[in-house]
Amino acid sequence: MPQYTAPLRDMHFVLFDLLKVQDELKSLPRYADVDRETIEAVLEEGAKFASQVIQPLNQVGDREGCTWHGDGVVTAPPGFKEAYAQFVEAGWPSVSCDPDFGGQGLPAIVNNRLYEMWNSANQAWLMYPGLSHSAYECLHAFGTDEQKQVYLTKIVSGEWTGTMCLTEPHCGTDLGILKTKAEPNGDGSFALSGTKIFISAGEHDLAPNILHLVLARLPDAPAGTKGISLFLVPKFIPDASGQPGERNAIQAGSIEHKMGIHGNATCVINLDGARGWLIGEPHKGLAAMFVMMNSARLGVGMQSLGQAEAAHQNAVAYAKDRLQGRAPTGAAQPAKAADPIIVHPDVRRMLLTSRAYTEAGRAFTTWTALLIDREHAHPDPAVREEADELMALLTPVVKAFITDNAWETTTLCQQVFGGHGYIAEWGMDQFVRDSRINMIYEGTNGIQALDLLGRKVLMDGGKKFGRFATLIQAFLEEHAANAAMAEFTGPLAKLLADTVALTKDLGARAQANPDEVGAASVPYLRIIGHLAYAWMWARMAAVSLQHGGEGFYGTKLATARFYFAWLLPETAHQFRAARAGAATLMAIAADDF
Ligand SMILES: Cc1cc2nc3c(=O)[nH]c(=O)nc-3n(C[C@H](O)[C@H](O)[C@H](O)COP(=O)(O)OP(=O)(O)OC[C@H]3O[C@@H](n4cnc5c(N)ncnc54)[C@H](O)[C@@H]3O)c2cc1C
């Protein structure tokens, strides 16, 4: 059975050595009292919850799955409900929520690291409260005062959970064609009818009520995405005292049988005149839902980061234990029948690939969480604006780059186990199966890449990308005279210059032929992802050198060198692919495929 211990040492390195959050929080009035000791204490407790409560349920959840009882009732796997009760009792749902609604008001950097650990322990379980947190973000931004009092407080306490209901049988990526209808009831509420599919945590027995955030069309809605409104549709309509009252006409018609995340109920949700209330303005539902989607996209990146870390830990333990063959340079453990497989360069390639991607992902997501804290709490509007623009640019990168890398690295970690990696008992197949969905839902990774290149980079004339490039340029200038850093800053400077040139080049090509954006977008996202990771690794190397480059810091430096030698060179291929052009992709007529 896989084991997991939260990587607190590395989290502390990223938070306190690399990003120095203990200093920066002092400049954010809302968080000025949050000190290092508080953060360490919260993370330590969160780590216990991960390894002691939800990690032991991960394989059970995979094996047993959820059960649909034929009458719309769905039960989660054994132990899930009890673990959720403990989660709520401990106050975990409210960690980074607004104190005005019962939250603890801790910064996003804390919640972010907690989510990494809890995802490592049990992604399927965490999706129940994870979606609730995304619903929190949306209701907090767009809910009326009454909606906040009645519903938001229950989401913050964890008493009720939330869902996002977008997808329909004929409509996934293209939300403009969704059909679910919302007719006014004349009393301020609406009657919603339609079918939603693939709704995560759509029905379960963890909480006494579920708040569905549903996209639907009003009778006078214009066609396309400009005619979509967002509704709050509770499973039980709250009574006068705010407790679950009348059962609403929204039900789980079935649950899906799927490749992974078996512990999370993926539901067909039927709305049959269900009562709902508008969130935000009519026909502007997609903008409101985007708040939830952006939060969920960052959450999906954290899902994969968590999966990759857990798979890595187990692969390392196995590689130190499994005896096969001898080290090419001579026996490492002559007294034993064979050496542990960690002596073999190829096994190290697999372990270091997962290590380098995971540690860079941790640094990158902690830094982006700090941007969220700046965006919410910095007193200077210019700093808030910069953070907001960087987050807009980098959200698709967090979602797609991390999930693509985790798919590769969970597979490599499975490979370290040889045949045993394919046998269910060891649990390595579950990391591969569970992490696969992260590349698909919340907008496929192909759609994330289009969002990055088309909307975030080209549509604003490269302004957001320019902000990101400026930060990296400033780092390069700061370390220009540092000879010890040259092995990192040299390749980073070249990558930055090449990416600036490519961005201009693609802008010109896109004007000539819109297909060029779709053709170049996935390679472009890989390049931006590597630009971010190369910057993170160079920053981590600089800090490690400042700390003497021995012990923990020596291992960091070695991993940084591996990243630059083995993983960054992927960009050479991606630059060629990004410039290969649309013509070769579009040459074959659809009928000739
Ligand atoms: C386990 C699971 C849980 C889910 N949870 C939820 C949930 O909680 N709530 C919810 O609303 N939905 C949920 N989904 C739905 C999920 O978000 C969609 O499956 C996903 O967005 C893709 O939509 P689709 O499956 O209809 O694929 P399609 O939209 O049909 O896409 C098929 C392929 O075509 C590509 N494609 C489509 N359009 C374009 C385009 N314009 N340009 C380039 N390529 C394109 C896609 O990238 C993809 O590769 C879930 C799905 C699964 C499997």
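## Buried sites, long helices and a ligand shell

Alanine 201 has a relative accessible area of 1%, so this residue is buried. The model described here is predicted. Alanine 201 sits in the loop that joins β5 to β6, the latter covering residues 210–216. Its phi is positive, about 55°, although alanine 201 is not a glycine.

Histidine 283 is another residue other than glycine with a positive phi, here near 65°. It belongs to the loop between β11 and α8, a helix that covers residues 285–321. Histidine 283 counts as partly exposed because its relative accessibility is 22%, and the limit for buried is under 20%.

**The ligand and its surroundings**

Around the ligand there are 19 residues, and those that come nearest are Thr167, Thr173, Phe198, Ser200 and Thr444. Three polar contacts are listed in the table.

| Residue | Protein atom | Ligand atom | Distance |
|---|---|---|---|
| Threonine 167 | polar side-chain atom | nitrogen | 2.7 Å |
| Threonine 173 | side-chain N or O atom | oxygen | 2.5 Å |
| Phenylalanine 198 | polar backbone atom | nitrogen | 2.7 Å |

The ligand taken alone exposes 980 Å², and 61% of that is buried by the protein. Two or more residues of the shell come from each of β3 (161–165), β5 (190–200) and α12 (445–458). Strand β5 supplies the largest share, with 3 residues.

**A buried alanine in strand β11**

Strand β11 runs over residues 266–279 and includes alanine 274. Is alanine 274 buried or exposed? Its relative accessibility is 0%, so alanine 274 counts as buried. Beyond its neighbours within four places in sequence, alanine 274 is in contact with Phe190, Ala191, Leu192, Val233, Asn248, Ala249 and Ile250. One of these, valine 233, is 41 residues away in sequence, while the two C-alpha atoms are 7.2 Å apart in space.

**Helices α9 and α10**

Helix α9 is made of the 33 residues 345–377. From its first C-alpha to its last α9 reaches 47 Å, close to the 48 Å expected at 1.5 Å a residue. Of those 33 residues, 25 are buried, so α9 is largely enclosed by the rest of the structure.

Helix α10 covers residues 381–416, which is 36 residues. How does its span compare with the value expected at 1.5 Å a residue? The expected span is 52 Å and the end C-alpha atoms are 49 Å apart, which agrees. The helix has a kink of about 40° at leucine 394, shortly before proline 396. At the N-terminal end, aspartate 380 acts as a cap, with a side-chain oxygen 2.9 Å from the backbone nitrogen of alanine 382. After α10 comes glycine 418, which has a positive phi near 55°.

**Two threonines in helix α14**

Threonine 499 is placed in helix α14, which spans residues 486–512. With a relative accessible area of 0%, threonine 499 is buried. Where does its side chain make a polar contact with the backbone of leucine 495? The side chain of threonine 499 reaches the backbone oxygen of leucine 495 at 2.6 Å. Leaving out its neighbours within four places in sequence, threonine 499 is in contact with Phe465, Ile527, Ile528, Leu531 and Phe575.

Threonine 503 lies in α14 as well. Its relative accessibility is 9%, so threonine 503 counts as buried. Apart from neighbours within four places in sequence, the residues in contact with threonine 503 are Val457, Leu458, Phe465 and Tyr524. Phe465 is thus listed for threonine 499 and for threonine 503. The C-alpha atom of threonine 503 is separated by 19 Å from that of methionine 391, which is 112 residues away along the chain.

**Glutamine 574 in helix α17**

Glutamine 574 lies in helix α17, formed by residues 570–579. It is buried, because its relative accessible area is 10% and buried means under 20%. With neighbours within four places in sequence set aside, glutamine 574 is in contact with Pro523, Arg526 and Ile527. Ile527 is also among the contacts of threonine 499.

Notes: Residues are numbered from 1 along each chain as its sequence is written. This is a predicted model: local features need pLDDT of at least 70, side-chain atom pairs count only at pLDDT 80 or more; totals for chains, interfaces and linings use all residues. Side-chain values use heavy atoms; hydrogens and water are left out. Helices (H or I, at least four residues) and strands (E, at least two) are DSSP runs, numbered from the N terminus. Buried means under 20% relative accessible area, exposed over 50%, partly exposed in between (1.4 Å probe, protein chains only). Contact means heavy atoms within 4.5 Å. The expected span of a helix is 1.5 Å times one less than its number of residues. The bend at a residue is the angle between axes fitted to the seven residues ending there and the seven starting there. A polar contact is a pair of N or O atoms within 3.5 Å; within protein, one must be able to donate a hydrogen and the other to accept it, and residues adjacent in sequence count only if both atoms are side-chain atoms. A residue is near a molecule or strand if one of its heavy atoms lies within 4 Å of it. Accessible areas come from the Shrake-Rupley method with a 1.4 Å probe; for residues, only the protein chains shown count as cover.
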